[in-house]
Amino acid sequence: MESHKEKILVVDDEASIRRILETRLSMIGYDVVTAADGEEALDTFRKADPDLVVLDVMMPKLDGYGVCQELRKESDVPIIMLT
């Protein structure tokens with residue numbers, strides 16, 4: 001029987017921050033998917049169906065507040081704002 005690994009979506013426009021969070025969260029057993037901007041975040045969210053979103057505020061195309069508003073229209077997934 002396969003156990004469910006919780007999935008976290010990490011959204012940040014800085015590649016170094018995405019890498020650090022992805023590495024550390026993976027090391028402690030989470031399945032991590034990433035996105036580099038707000039539009040990519042929404043697309044990835046819909047495809048990956050994460051259990052948690054770690055969301056940067058200042059991003060190109062669509063900022064973290066805009067992403068949060070869109071996510072709330074379709075989900076009550078927990079969101080941690082990264083500022």
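In this predicted model, helix α2 is followed by D49, a residue whose phi is positive, near 50°. At the other end of the helix sits a cap: D37 covers the N-terminal end of α2, with a side-chain oxygen 3.0 Å from the backbone nitrogen of E39. Between these two points, α2 has quite a list of buried residues, namely G38, A41, L42, T44, F45 and A48. An α-helix has 3.6 residues a turn, so residues three or four places apart point the same way. As for what lies over the buried residues of α2, the cover includes β1, β2, β3 and α3.

The strands come together in an open sheet of four, ordered β2-β1-β3-β4 and paired in parallel fashion. Out at the edges are β2 (31–35) and β4 (79–82), each of which pairs on one side only. On average, neighbouring strands here are turned by 20° against each other, direction ignored. Helix α2 (residues 38–48) packs on this sheet and touches β1 (7–11), β2 and β3, while its direction makes about 150° with that of β2.

One strand pair can be followed in some detail. Strand β3 (residues 52–56) pairs with β4 in the parallel sense, over four bridges. Along this pair, V54 stands opposite I80 in β4, and D56 stands opposite L82 in β4. To get from β3 to β4, the chain passes through helix α3 (residues 64–74), and this β-α-β crossover is right-handed.

Then there is the packing of the nonpolar side chains. The largest nonpolar core has twelve residues: L9, V11, A35, A41, L42, F45, V53, L55, M59, V67, L71 and V77. At least two of these residues come from each of β1, α2, β3 and α3, and the largest share, three residues, belongs to α2. A second core of six residues is separate from it, with I8, V10, L52 and V54 among its members. In a regular strand the side chains alternate between the two faces of the sheet.

V11, from the twelve-residue core, shows how these pieces meet. Leaving aside neighbours within four places in sequence, V11 is in contact with A35, D37, A41, V53, V54, L55, D56 and M59. Several of those partners have already come up: D37 is the cap of α2, A41 is one of the buried residues of that helix, and V54 is part of the second core.

Methods: Residues are numbered from 1 along each chain as its sequence is written. This is a predicted model: local features need pLDDT of at least 70, side-chain atom pairs count only at pLDDT 80 or more; totals for chains, interfaces and linings use all residues. Side-chain values use heavy atoms; hydrogens and water are left out. Two strands pair if DSSP finds at least two bridges between them. Axes are lines fitted to C-alpha atoms, for helices over the stretch in contact, and angles run from 0 to 180 degrees between N-to-C directions. Contact means heavy atoms within 4.5 Å. A crossover is right-handed if, with the strands pointing away from the viewer, the path from the first strand over the helix to the second runs clockwise. A nonpolar core is a set of buried Ala, Val, Leu, Ile, Met, Phe, Trp, Tyr and Cys residues joined through side-chain atoms within 4.5 Å. Buried means under 20% relative accessible area, exposed over 50%, partly exposed in between (1.4 Å probe, protein chains only). A polar contact is a pair of N or O atoms within 3.5 Å; within protein, one must be able to donate a hydrogen and the other to accept it, and residues adjacent in sequence count only if both atoms are side-chain atoms.
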